[in-house]
Amino acid sequence: MAGSTYGTIFKITTWGESHGTALGVVIDGCPAGLSLCEDDIQIFLDRRKPGQNKYSTPRKENDTVKILSGVFDGKTTGTPISLLVENTSARSQDYSQIASCYRPGHADYTFDAKYGFRDYRGGGRSSGRETIGRVAAGAIAVKLLNELGICFTTFTRSIGPVCISEENFDSSLITKTPTCMPDLAANNHAEEYLKSCMEAQDSCGGVIECQVTGIPAGLGDPVFEKLDANLAKALVSIGSVKAFEIGEGVNVTNLKGSENNDSFYNNDGVIQKRTNHSGGTLGGISDGSTLIMRAHIKPTPSIFTSQETVDKEGNEVTINIKGRHDPVIVPRAVVVVESMAALTILDALLLNMTSKMDSVINFYNN
Ligand SMILES: Cc1cc2nc3c(=O)[nH]c(=O)nc-3n(C[C@H](O)[C@H](O)[C@H](O)COP(=O)(O)O)c2cc1C
């Protein structure tokens with residue numbers, strides 16, 4: 001299977017299946033000298049861990065990370081960092097039915113069409129557990145970016161029809177509410193909506209927003225490596241993300257130029273914008289304002305109501321899915337979105353170091 005590697009300088013390769021022995025990631029290109037221990041990574045993995053509340057899959061996994069290489073005396077050595085998380089709670093018998101039938105909305109049919117053979121246990125490589133490697137690598141990227149004053153606020157903006165309100169926004173709630181909503185009233189409504197979905201043996205989707213402050217102007221390239229284009233790819237590469245927005249996003253079609261343009265002004269020698277409809281990029285290059293992006297997540301495909309499908313031989317059958325599934329993916333994917341954004345921004349930042357002759361001279365002459 002090609003396509004498991006992401007990034008140009010800060011490069012990651014994720015590996016492993018939902019019900020295999022373990023999952024993990026190899027990170028190549030992390031600069032030497034970054035302080036790093038397992039706890040730095042575990043905090044991130046704990047944010048996506050299953051079984052933490054009634055709106056997440058009941059699969060119980062500790063998702064404990066082991067650093068196998070690339071760190072010595074508490075610091076990165078500049079060599080490949082290999083991280084491993086063991087699977088301890090696989091129940092593969094729950095998936096015997098999908099060995100021969102295709103779940104509507106999932107990747108079973110397309111994997112068979114492509115490879116003619118697949119690890120169906122827990123969805124194999126198409127499982128949400130693949131994101132463990134992304135999040136473990138993302139923790140390192142965020143740690144490095146934090147040292148440069150680049151900070152992330154990532155939260156649930158909506159679940160089904162329930163959206164947070166700006167007036168109630170309290171970022172301290174993101175890690176406290178089961179929905180990861182920074183608004184208690186919206187969280188309570190979303191919980192009611194989720195309960196009704198679960199009673200009907202159904203699932204729902206929602207929107208995750210990631211805001212990034214402290215980004216200098218100049219990251220990203222003007223044509224095929226636009227920062228917003230690369231962020232879109234990073235976020236849409238997460239299973240279940242179906243749309244990406246930056247700044248005003250799809251709402252730009254409702255605005256006039258005079259409403260959508262962000263006026264510049266000179267703030268004591270620093271060029272700034274009075275508004276941020278652009279969401280922090282212009283012409284594919286960061287403009288120094290807060291990056292604001294959103295990932296739109298579909299309802300969890302594995303639902304427990306009976307569904308029409310076909311088996312491998314093409315016979316029409318009714319499928320009743322078993323196994324343990326998230327009734328909503330959104331809260332668990334918040335840290336996945338943050339991780340993919342961080343990996344993309346860090347790579348753009350490292351690539352940008354050679355964009356100007358001055359930077360090259362400064363590096364070698366100092
Ligand atoms: C963190 C996370 C958890 C997920 N949990 C489930 C799940 O419990 N059940 C399920 O059917 N899909 C789950 N998914 C979604 C599937 O992986 C995804 O829908 C599937 O691979 C098909 O890909 P697509 O939706 O991008 O077309 C999860 C995804 C993520 C990112």
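Two strands count as paired here if DSSP finds at least two bridges between them, and the strands themselves are DSSP runs of E of at least two residues, while helices are H or I runs of at least four, all numbered from the N terminus. On that footing, β10 and strand β16 (residues 291–297) pair in the antiparallel sense over seven bridges. Val-212 sits opposite Leu-291 of β16. β10 (residues 206–213) also pairs with strand β8 (residues 151–159), again antiparallel, through eight bridges. In that pairing Phe-155 has Glu-209 of β10 as its bridge partner. The model is a predicted one, in which local features need pLDDT of at least 70 and side-chain atom pairs count only at pLDDT 80 or more, whereas totals for chains, interfaces and linings use all residues. Residue numbers start from 1 along each chain as its sequence is written.

Phe-155 is worth a stop. This residue of strand β8 counts as buried because 25 other C-beta atoms lie within 10 Å. For the record, buried means 20 or more other C-beta atoms within 10 Å of the residue's own, exposed means 12 or fewer, and partly exposed is anything in between, with C-beta atoms placed from the backbone. Leaving out neighbours within four places in sequence, Phe-155 is in contact with Ile-174, Cys-180, Met-181, Pro-182, Glu-209 and Val-334; contact means that the C-beta atoms, placed from the backbone, lie within 7 Å. Leu-346 is 191 residues from Phe-155 in sequence and 20 Å from it in space, C-alpha to C-alpha.

One of those contacts, Cys-180, has a phi near 65 degrees, a positive value in a residue other than glycine. Cys-180 belongs to the loop between β9 (162–163) and α4 (184–199), and it counts as buried because it has 25 C-beta neighbours inside 10 Å. Ser-240 offers another case of positive phi in a residue other than glycine, with a value near 90 degrees. Its loop runs between α5 (227–236) and β11 (241–246). Ser-240 is buried too, since it has 20 C-beta neighbours inside 10 Å.

Now for the cores. A nonpolar core is a set of buried Ala, Val, Leu, Ile, Met, Phe, Trp, Tyr and Cys residues joined through C-beta atoms within 7 Å. The largest one has 77 residues, and the members that touch the most others are Ala-136, Ile-140, Ala-141, Val-337, Ala-341, Leu-343 and Ile-345. Helix α7 (residues 330–351) supplies the largest share of this core, 14 residues. Ile-345 touches Leu-145, Ile-150, Val-212, Ile-215 and Leu-219, not counting residues up to four places away in sequence. Apart from the largest core lies another, of five residues, including Tyr-95, Ile-98, Cys-101 and Tyr-102.

Helix α7 turns up again around the ligand, where it gives the most to the shell, with three residues. The ligand is surrounded by 21 residues, of which the closest are Ser-126, Gly-128, Gly-239, Ser-302 and His-325; the criterion is a C-beta atom, placed from the backbone, within 6 Å of the molecule. By type, the shell has six nonpolar, eleven polar and four charged residues. In that count Ala, Val, Leu, Ile, Met, Phe, Trp, Tyr, Cys and Pro are nonpolar, Asp, Glu, Lys and Arg are charged, and the others, Gly among them, are polar.

Closer to the start of the numbering there is an open sheet of five strands, in the order β1-β2-β3-β7-β4 with antiparallel pairing. β1 (5–6) and β4 (65–69) are its edge strands, each pairing on one side only. Two bridges join β1 to β2 (residues 11–16) in antiparallel fashion, and Tyr-6 has Ile-12 of β2 as its bridge partner. Helix α1 (residues 38–48) packs on the sheet, touching β4 and β7 (81–86), and its direction makes about 140 degrees with that of β4; such angles run from 0 to 180 degrees between N-to-C directions, with axes fitted to C-alpha atoms, for helices over the stretch in contact.

Two hairpins round things off. β12 (residues 264–267) and β13 (residues 270–273) run antiparallel, joined by four bridges, with Asn-266 opposite Ile-271. Two residues separate these strands, and Asp-268 in the turn has a positive phi of about 50 degrees. β17 (residues 307–310) and β18 (residues 316–319) likewise pair antiparallel over four bridges, and Gln-307 has Ile-319 as its bridge partner. Here five residues lie between the strands, and Gly-314 in the turn has a positive phi of about 95 degrees.

Technical notes
Contact = placed C-beta atoms within 7 Å.
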